[in-house]
Amino acid sequence: MSIADNLSKYKTELEASGVQLVAVSKFQQADAVLEAYNAGQRVFGENIVQELVEKQAQLPGDIRWHLIGHLQTNKVKYIAPFISMIESVDSLKLLTEINKQAAKNNRVIDCLLQIYIADEDSKFGLGFDEAVELLRSEEFQAMKHVRIRGLMGIATNNASERQTSEEFKELKVLFDGIKVSYFRKDEYFNEISMGMSADYKLAVTAGSTMVRIGSSIFGKRTTKASTAQ
Ligand SMILES: *Cc1c(COP(=O)(O)O)cnc(C)c1O
């Protein structure tokens, strides 16, 4: 199957459930991204800033890039001019810097709060209480250049289907709770990014609005990719 075939399979399947596809192009060459672009895909996810910046410079300007990996505060400035969404906001400190760099670029940057749902030590993310604390903080409430669009989560790697489903359901429950408490009137708070190649079906069943799929579109990555860098 070619990249175009893989994409069209996902498109048909996901469009039926109203779920957006983020094609995860980390560790793929620019020509593979272009092949997906030429097949109609416009939203791509990368997890390393340097790689993202290089690809963004080479590839068509109407690609909407999502940062999906851990972001260091000192690197926000490199992506602030063009990034479409930062899915991996895991601290108030990081969000403060995104707000500052977005202001410098006269932009409002869409963000997701990454919530820790996995049963593993290696994953980044906010606990539920930390997410609530962030949303209640005066610092956050004063920010004019970031817009929290929803939540993102990564399930435990290689867990049973039952555990994976439970983790996704947990994220959906957190989303609903946060929506009611902090974004009741804000229609833009409407994204739950969960699901990857191995578990996207379970994620969609649990209420995902956005899946991040890499290897089953592009084939196996040549370098071992790490979600944690
Ligand atoms: C690599 C990565 C994905 C895609 O994983 P695949 O198994 O290749 O589909 C999704 N989300 C994040 C955060 C990733 O780092």
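Helices and strands are here runs of DSSP states, H or I over at least four residues for a helix and E over at least two for a strand, numbered from the N terminus. The loop between H5 and S5, which holds Asn 106, is named on this basis. The model is predicted.

**Exercise 1. Asn 106 and Phe 27**

Task: Determine where Asn 106 lies and whether Asn 106 is buried or exposed. Then state what the phi angles of Asn 106 and Phe 27 are.

Solution.
Step 1. Asn 106 belongs to the loop between H5 and S5.
Step 2. The relative accessibility of Asn 106 is 72%. The cut-off for an exposed residue is over 50%, so Asn 106 counts as exposed.
Step 3. Although Asn 106 is not a glycine, its phi is positive, at about 55°.
Step 4. Phe 27 sits in the loop between S1 and H2. Its phi is near 65°, which is again a positive value in a residue other than glycine.

**Exercise 2. Helix H3 and Glu 51**

Task: Establish which residues of H3 are buried, how they are arranged about the helix axis, and what covers them. Then describe the surroundings of Glu 51.

Solution.
Step 1. The buried residues in H3 are Val 49, Glu 51, Leu 52 and Lys 55.
Step 2. Viewed along the axis of H3, these buried residues fall within an arc of 160°, so they line one face of the helix.
Step 3. On the face turned away from the buried side, H3 carries the exposed residues Gln 50, Ala 57 and Gln 58.
Step 4. The cover over the buried residues of H3 includes helix H2 (30-38) and helix H4 (76-79), together with strand S2 (43-46) and strand S3 (64-67).
Step 5. Glu 51 is part of H3, which spans residues 49-58. The relative accessibility of Glu 51 is 16%; the limit for burial is under 20%, and Glu 51 therefore counts as buried.
Step 6. The side chains of Glu 51 and Lys 55 are joined by a polar contact of 2.8 Å.
Step 7. Beyond its neighbours within four places in sequence, Glu 51 is in contact with Ser 25, Lys 26, Phe 27, Gln 28 and Glu 46.

**Exercise 3. The ligand site**

Task: Identify the residues closest to the ligand, describe its polar contacts with Ser 197, Arg 212 and Ser 215, and state how much of its area the protein covers.

Solution.
Step 1. The ligand is surrounded by 12 residues, of which the closest are Lys 26, Ser 197, Gly 214, Ser 215 and Arg 221.
Step 2. By residue class, this shell comprises five nonpolar, four polar and three charged residues.
Step 3. An N or O atom in the side chain of Ser 197 is 2.5 Å from an oxygen atom of the ligand. From Ser 215, a backbone N or O atom lies 2.8 Å from a ligand oxygen atom. A nitrogen atom of the ligand lies 2.9 Å from a polar side-chain atom of Arg 212.
Step 4. On its own the ligand has 390 Å² of accessible area, and the protein covers 95% of this.

**Exercise 4. Helix H6**

Task: Determine on which side of H6 its buried residues fall and which elements they pack against.

Solution.
Step 1. In H6 (residues 128-136), Ala 131, Val 132, Leu 134 and Leu 135 are buried.
Step 2. Around the axis they cover an arc of only 160°, and so they are on the same side of H6.
Step 3. Asp 129, Glu 133 and Arg 136 are exposed on the other side of H6.
Step 4. The packing partners of the buried residues are helix H5 (92-104), strand S5 (109-115), helix H7 (138-141) and helix H8 (161-182).

**Exercise 5. Thr 164, His 70 and Gln 20**

Task: Describe the exposure of Thr 164, His 70 and Gln 20, and the contacts or distances of each residue.

Solution.
Step 1. Thr 164 lies in helix H8 and, at 5% relative accessibility, counts as buried. Apart from neighbours within four places in sequence, Thr 164 is in contact with Ala 155, Ala 159, Asp 199 and Leu 202.
Step 2. His 70, in the loop between S3 and H4, is partly exposed with a relative accessible area of 24%. A polar contact of 2.9 Å joins its side chain to that of Asp 90. From C-alpha to C-alpha, His 70 and Ile 48 are 7.9 Å apart in space, and they are 22 residues apart in sequence.
Step 3. Gln 20, in strand S1 (residues 20-24), is partly exposed at 27%. Leaving aside neighbours within four places in sequence, Gln 20 is in contact with Val 43, Arg 64, Thr 209, Met 210 and Val 211.

How values were computed
Residues numbered from 1 in each chain as written. Predicted model: local features only at pLDDT ≥ 70, side-chain atom pairs only at ≥ 80, totals over all residues. Heavy atoms only, no water. Buried < 20%, exposed > 50% of the residue type's maximum accessible area, 1.4 Å probe, protein only. Polar contact = N/O pair within 3.5 Å; in protein donor to acceptor, adjacent residues only side chain to side chain. Contact = heavy atoms within 4.5 Å. Near = heavy atom within 4 Å. Areas by Shrake-Rupley, 256 points an atom, 1.4 Å probe, with all protein chains shown as cover. Nonpolar A, V, L, I, M, F, W, Y, C, P; charged D, E, K, R; others polar. Arc of directions from axis to C-beta.
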